[in-house]
Amino acid sequence: MTPTDPSGPAPVRILLCDDHAVVRAGLLALLGSAPGIEVVGEAGGGEEAVALAARLRPDVVLMDLQLGAGMDGIEATRRIVADAAAVTETGAGAGAGASGKGAHGPYVLVLTTYDTDADITRAIEAGATGYLLKAERPEELFSAIRAAAEGRTALSPPVAGRVMARMRGAGRPALTERERDILGQLARGLGNREIARALFISEATVKTHLGRIYDKLGVDTRAGAVAVAKEQRLLS
C-alpha cells in the first residue's frame with residue numbers, strides 16, 4: 001500500500017464489498033497504488049459490509065450490486081446510508097470517519113458491471129452517492145472515490161446520460177397504446193397515409209395522434225419524435 005505523507009491530508013478510507021475474491025484482490029492492488037486512498041476493510045457480502053461499515057466507519061464503501069446469496073448491494077447500501085444518517089442525527093457522528101472528512105460518512109459508491117435503468121434507479125433511491133462502471137479507467141475510479149468522500153455525486157458517463165434522459169422525460173404524460181403504435185410506424189419511415197393503412201385508421205386520426213405525440217415528447221417534427229423515442233426507449 002502506498003505510504004501516506006503524515007504532513008498531508010488524511011487518506012480517504014475505503015471499505016470494499018464484492019463477492020468475488022479475485023475482484024477484491026485486484027481492487028486492493030489498484031487502490032494500493034493510489035495516493036491518498038487507504039483500504040481499511042473488505043467484505044464478501046451485504047451483511048458483512050453493513051457490519052464492517054458500522055464498526056470501521058470508512059469514508060466510502062465501494063459497493064457491488066450483485067453479491068450472490070444473502071443481502072444484495074442495494075439493500076446493503078440502504079442500510080449503510082440509514083445507519084450513517086442515524087448516527088449523524090444523534091450527534092455521535094461528529095468528526096467521523098477517522099479521516100475527518102465530515103460527520104456524515106460513510107458514503108456509498110456503487111462499482112458494478114450493470115448499467116440498466118432499473119439498477120441505477122434502485123441504487124440512487126437507496127442512497128448511493130455515486131454509480132461507477134467497472135469498465136472505467138483507474139483514474140476515473142480514484143476521482144470518483146475522492147468525490148464520494150466529500151459527498152459529491154460521481155457517475156460514469158453512460159450512467160449520467162441515462163439519468164439525464166430520465167430527468168428530461170420526467171413529468172411527461174405516458175403515451176397511449178395507439179400513440180405508441182403510430183410512433184413505431186413513424187420510426188419505420190412511413191408517411192401518414194401508409195401509417196393509416198397499416199393501422200386501419202384514417203389519415204385525419206393519424207394527424208391527431210401525431211399532434212398529441214409531439215406535445216408529449218416536446219418536439220415539433222417527425223424526426224424529433226423518433227429521436228426522443230429512441231433516447232427514452234419508448235420503442236419496443
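Isoleucine 14 touches Leu31, Ile37, Glu38, Val39, Val40, Gly41, Pro58, Val60, Leu62 and Ile145, leaving out residues up to four places away in sequence. Keep in mind that this is a predicted model. Below is a quick tour of its cores, helix α1, threonine 112, the salt bridges and two residues with positive phi.

**The nonpolar cores**

- Isoleucine 14 turns up again in the largest nonpolar core, which has 21 residues.
- Ile14, Leu31, Leu62, Leu109, Leu141 and Ile145 are the residues with the most contacts inside that core.
- Two or more residues of this core come from each of β1, α1, β2, β3, β4 and α5.
- The most generous of these elements is α5, with seven residues in the core.
- There's also a second, separate core of 20 residues, and it includes Leu175, Leu199, Val228 and Leu234.
- As a bit of background, nonpolar side chains tend to be buried together in soluble globular proteins.

**Helix α1**

- Helix α1 runs over residues 21-32, which makes 12 residues.
- At 1.5 Å a residue α1 should span 16 Å, and its end C-alpha atoms are indeed 16 Å apart, so the two values agree.
- Arg24, Leu27, Leu31 and Gly32 are the buried residues to look at in α1.
- These buried residues sit on the same side of α1, because they cover an arc of only 125° around the axis.
- Flip to the face turned away from that buried side and you'll find the exposed residues Val22 and Ala29.
- The cover over the buried residues of α1 includes β1 (12-17), β2 (37-43), β3 (60-63), β4 and α5 (138-149).

**Threonine 112**

- You'll find threonine 112 in strand β4, which takes in residues 107-112.
- Threonine 112 has 0% relative accessibility, so it counts as buried.
- A polar atom of the threonine 112 side chain lies 3.2 Å from the backbone nitrogen of tyrosine 114.
- Setting aside neighbours within four places in sequence, threonine 112 is in contact with Asp64, Leu65, Tyr131, Leu132, Leu133 and Lys134.
- Two of those contacts, Asp64 and Lys134, come back in the next group as salt-bridge partners.

**Salt bridges**

- The structure holds 12 salt bridges, and a few of them are picked out here.
- Lysine 134 and aspartate 64 meet through their side chains in a salt bridge, at 3.5 Å from N to O.
- Lysine 134 is in the loop between β5 (130-133) and α5, while aspartate 64 is in the loop between β3 and α3 (73-90), so the pair ties together parts that are 70 residues apart in sequence.
- Are these two partners buried or exposed? Lysine 134 is partly exposed, with a relative accessible area of 31%, whereas aspartate 64 counts as buried at 5% relative accessibility.
- Glutamate 75 pairs with arginine 79 in another salt bridge, with the closest N and O atoms 2.9 Å apart.
- Both glutamate 75 and arginine 79 lie in helix α3, four residues apart, or about one turn of the helix.
- Glutamate 75 is partly exposed, with a relative accessible area of 26%, and arginine 79 counts as partly exposed at 41% relative accessibility.
- Glutamate 150 forms a salt bridge with arginine 152, and here the closest N and O atoms are 2.9 Å apart.
- With 54% relative accessibility glutamate 150 counts as exposed, while arginine 152, at 44%, counts as partly exposed.
- Salt bridges with shared partners also join Asp18, Asp64 and Lys134 into one network.

**Positive phi outside glycine**

- Arginine 57 isn't a glycine, yet it has a positive phi of about 50°.
- Look for arginine 57 in the loop between α2 (46-56) and β3.
- At 16% relative accessibility, arginine 57 counts as buried, since the cut-off for that is under 20%.
- Phenylalanine 200 is another residue other than glycine with a positive phi, this one near 60°.
- The loop between α8 (192-199) and α9 (203-217) is where phenylalanine 200 sits.
- Phenylalanine 200 counts as exposed, at 77% relative accessibility.

Key. Residues are numbered from 1 along each chain as its sequence is written. This is a predicted model: local features need pLDDT of at least 70, side-chain atom pairs count only at pLDDT 80 or more; totals for chains, interfaces and linings use all residues. Side-chain values use heavy atoms; hydrogens and water are left out. Buried means under 20% relative accessible area, exposed over 50%, partly exposed in between (1.4 Å probe, protein chains only). A polar contact is a pair of N or O atoms within 3.5 Å; within protein, one must be able to donate a hydrogen and the other to accept it, and residues adjacent in sequence count only if both atoms are side-chain atoms. Contact means heavy atoms within 4.5 Å. The expected span of a helix is 1.5 Å times one less than its number of residues. The arc is that of the directions from the helix axis to the C-beta atoms. A salt bridge is a side-chain nitrogen of Lys or Arg within 4 Å of a carboxyl oxygen of Asp or Glu. A nonpolar core is a set of buried Ala, Val, Leu, Ile, Met, Phe, Trp, Tyr and Cys residues joined through side-chain atoms within 4.5 Å.
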